[in-house]
Amino acid sequence: EENKKRKMNYILSIMPQASKEAFLMNRVQGLKYAEIAEELDISIKAVEKRMSKALEIIKNELNKGRVF
């Protein structure tokens, strides 16, 4: 469990701020893309792009098999 937290904290630390913000709003706060778009005053497409980038970074980092 501690290892998972450490991995996620590392991944969040290397993620661009915009992607991190959208990811946390969606996955932690449970907001829908439309709600995130409204709150950040951006388009839903922009939210989709930010989420795609965040998920790509997470996938790539987890596939590296880093040991923390």
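Which residue forms a salt bridge with Lys64, and how far apart are the closest N and O atoms? In this predicted model, the partner is Glu61, and the closest N and O atoms of the pair sit 3.0 Å apart. Glu61 has a relative accessible area of just 10%, so Glu61 falls under the 20% cut-off and goes down as buried.

That pair belongs to a short list, since the salt-bridge count comes to two. The other bridge links Glu48 with Lys45, with 3.5 Å between the closest N and O atoms. Why are these two about one helical turn apart? Both residues lie in helix α4, and the turn follows because they are three residues apart there. Neither end of this bridge is buried: Glu48 is partly exposed at 33% relative accessible area, whereas Lys45, at 61%, counts as exposed. As a general matter, side chains of opposite charge can pair when their charged atoms come close.

Stepping back to the overall layout, the chain has four helices and zero strands, so to speak an α-α-α-α run from the N terminus on. The C-alpha trace spans about 40 × 20 × 15 Å along its principal axes. Of the 68 residues in the chain, 26% are buried.

What holds the inside of the picture is a set of nonpolar side chains. The largest nonpolar core takes in 14 residues, and those with the most contacts inside it are Ile11, Met15, Phe23, Ile36, Val47, Met51 and Ile58. Helices α1 (2-14), α2 (17-27), α3 and α4 (44-63) each give two or more residues to this core. Which helix supplies the largest share? That would be α4, with five residues. Helix α4 thus turns up twice, as the largest contributor to the core and as the home of the Glu48 and Lys45 pair.

The surface has a charged feature as well. Glu21, Glu35, Glu38 and Glu39 form a negative patch. Helix α3, covering residues 33-40, gives the most to this patch, with three residues. Glu39 is found in helix α3, and its relative accessibility of 56% is why Glu39 counts as exposed, the cut-off being over 50%. Helix α3 therefore has a part in both settings, giving two or more residues to the nonpolar core and three to the negative patch.

Terms used:
Residues numbered from 1 in each chain as written. Predicted model: local features only at pLDDT ≥ 70, side-chain atom pairs only at ≥ 80, totals over all residues. Heavy atoms only, no water. Patch = residues over 30% accessible without salt bridge, like charges linked within 9 Å, V, L, I, M, F, W, Y side chains within 5 Å. Areas by Shrake-Rupley, 256 points an atom, 1.4 Å probe, with all protein chains shown as cover. Salt bridge = Lys/Arg side-chain N within 4 Å of Asp/Glu carboxyl O. Lys, Arg positive; Asp, Glu negative; His and termini not counted. Charge placed at Lys NZ, Arg CZ, Asp CG, Glu CD. Buried < 20%, exposed > 50% of the residue type's maximum accessible area, 1.4 Å probe, protein only. Core = buried A, V, L, I, M, F, W, Y, C linked by side-chain atoms within 4.5 Å.
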